[in-house]
Amino acid sequence: MNNSIPSLFRTAITGGIGSGKSHVCRLLEAHGIKVYDCDAAAKHLMHTDPALQQALRLLVGEEVYNNKVLQKQVLATFLLAGEANKQAVNDIVHPAVAQDFERSGYEWLESAILFDSGFNRRLHFDRVVCVTAPLEVRVQRIMLRDHISREKALAWIDSQLPQEEVARRSDYVIVNDGHADLEAQIANLLSLPTTPLPIKKTNPIQ
């Protein structure tokens with residue numbers, strides 16, 4: 001009897017805000033692939049995890065919650081105020097998300113700030129896929145989705161690593177500009193070998 005546990009081949013999907021990662025993930029799900037959504041998980045934990053909520057209150061201020069409801073605009077203003085603020089929030093939220101992903105059993109994960117936050121060092125991934133789109137396409141997508149000004153959309157884009165840098169550090173790039181054939185790119189991705197890489201022994205981020 002073989003009691004060995006099959007190795008997981010973990011794939012991280014990343015890309016800047018407005019690149020269309022979520023659309024690509026929906027197409028992957030149509031192929032039977034379940035993708036762990038880091039943003040959705042973070043929002044869920046910020047609404048349900050008492051310890052995480054208390055840590056955010058101490059960091060941002062009591063006004064970040066109103067009757068236990070997260071005040072998104074308060075948090076957004078804090079995040080955009082500086083790199084140190086963003087890192088401090090990440091240091092609270094990301095360990096909880098990483099633990100939740102480990103428990104989920106998923107092999108695919110979606111994270112907009114995989115490299116920005118060092119999340120790629122919290123967890124082992126065998127492959128990183130970057131979704132890209134032209135700047136103007138991203139701006140228009142963000143404005144339409146979030147009902148915000150062009151200036152605010154650009155501020156969110158500028159708060160993340162440049163798209164070119166994220167693509168350079170990834171293993172595979174999917175172009176989602178509204179014209180490129182996404183299904184063909186996904187089919188090619190899914191045809192690639194999925195042999196897990198040896199896990200590097202590095203000191204985990206606390």
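Let me begin with a small group of charged side chains: E165, R168 and R169 are linked in a network of salt bridges. Please keep in mind throughout that this is a predicted model. Within that network, R169 is found in the loop between α9 (163-168) and β7 (172-175), and R169 is partly exposed, with a relative accessible area of 33%. If we set aside residues up to four places away in sequence, R169 touches F115 and L161. For a sense of distance, the C-alpha atoms of R169 and Q185 are separated by 19 Å, although these residues are 16 apart along the chain.

Staying with charges for a moment, how many salt bridges does the rule count? The count comes to nine, and I will walk through a few of them. E136 forms a salt bridge with R150, with the closest N and O atoms 2.8 Å apart. Because E136 lies in helix α7 (residues 135-146) and R150 in helix α8 (residues 150-158), this pair ties together parts that are 14 residues apart in sequence. E136 counts as partly exposed at 37% relative accessibility, and R150 counts as partly exposed at 33%.

A second example sits inside one helix, where the side chains of R103 and D100 meet in a salt bridge at 3.6 Å, N to O. These two are three residues apart in helix α5, and therefore R103 and D100 are separated by about one helical turn. R103 counts as exposed, at 59% relative accessibility, whereas D100 is partly exposed, with a relative accessible area of 25%. As a third example, E62 forms a salt bridge with R57, the closest N and O atoms being 3.6 Å apart, and here the arginine, R57, is buried, with a relative accessible area of 18%.

Now to the domains. The domain assignment of the protein gives domain 1 (9-34 + 108-191) and domain 2 (38-106), and the C-alpha centres of domain 1 and domain 2 lie 21 Å apart. The contact between them takes 17 residues from domain 1 and 16 residues from domain 2. The area buried between domain 1 and domain 2 is about 1,500 Å², and carbon and sulfur atoms give 62% of that area. Which residues of domain 1 lose the most area to domain 2? They are R10, R122 and W156, which together account for 30% of what that side buries. Across this interface of domain 1 and domain 2 the rule finds two salt bridges. R10 also appears in the list of salt bridges, where R10 is paired with E102 and the closest N and O atoms are 2.8 Å apart.

Turning to the interior, I would recall that in soluble globular proteins nonpolar side chains tend to be buried together. In this model the largest nonpolar core has 31 residues, and those with the most contacts inside it are M46, L75, V97, L109, L114 and F119. The elements that give two or more residues to this core are α2 (38-48), α3 (50-60), α4 (72-80), α5 (83-104) and β6 (127-132), and the largest share, six residues, comes from α5. This core draws at least three residues from each of domain 1 and domain 2. To take one member, V97 is in contact with Y36, C38, A41, A42, L45 and F119, leaving aside its neighbours within four places in sequence. A second, separate core has 15 residues, including L27, I33, V35 and I186.

Finally, the aromatic rings, where the structure holds three pairs. The rings of Y36 and Y106 have their centres 6.1 Å apart and their planes at 85 degrees, so this pair is edge-to-face. Y36 is in strand β2 (residues 35-37) and Y106 in the loop between α5 and β5 (108-110), and the pair links these distant parts of the chain, 70 residues apart. Is Y36 buried or exposed? Y36 is buried, with a relative accessible area of 6%, while Y106 is partly exposed, at 29%.

The rings of F101 and F125 have their centres 6.3 Å apart and their planes at 35 degrees, so that pair is tilted. F101 is buried, with a relative accessible area of 0%, and F125 is buried as well, at 12%. To close, Y36, F101, Y106 and F125 form one aromatic cluster.

Notes: Residues numbered from 1 in each chain as written. Predicted model: local features only at pLDDT ≥ 70, side-chain atom pairs only at ≥ 80, totals over all residues. Heavy atoms only, no water. Core = buried A, V, L, I, M, F, W, Y, C linked by side-chain atoms within 4.5 Å. Buried < 20%, exposed > 50% of the residue type's maximum accessible area, 1.4 Å probe, protein only. Helix = DSSP H or I, 4+ residues; strand = E, 2+ residues; numbered from the N terminus. Domains from an automatic or database assignment. Contact = heavy atoms within 4.5 Å. Phe/Tyr/Trp six-rings, centres within 6.5 Å; stacked < 30°, edge-to-face > 60°. Buried area = accessible area lost by both parts, 1.4 Å probe. Salt bridge = Lys/Arg side-chain N within 4 Å of Asp/Glu carboxyl O.
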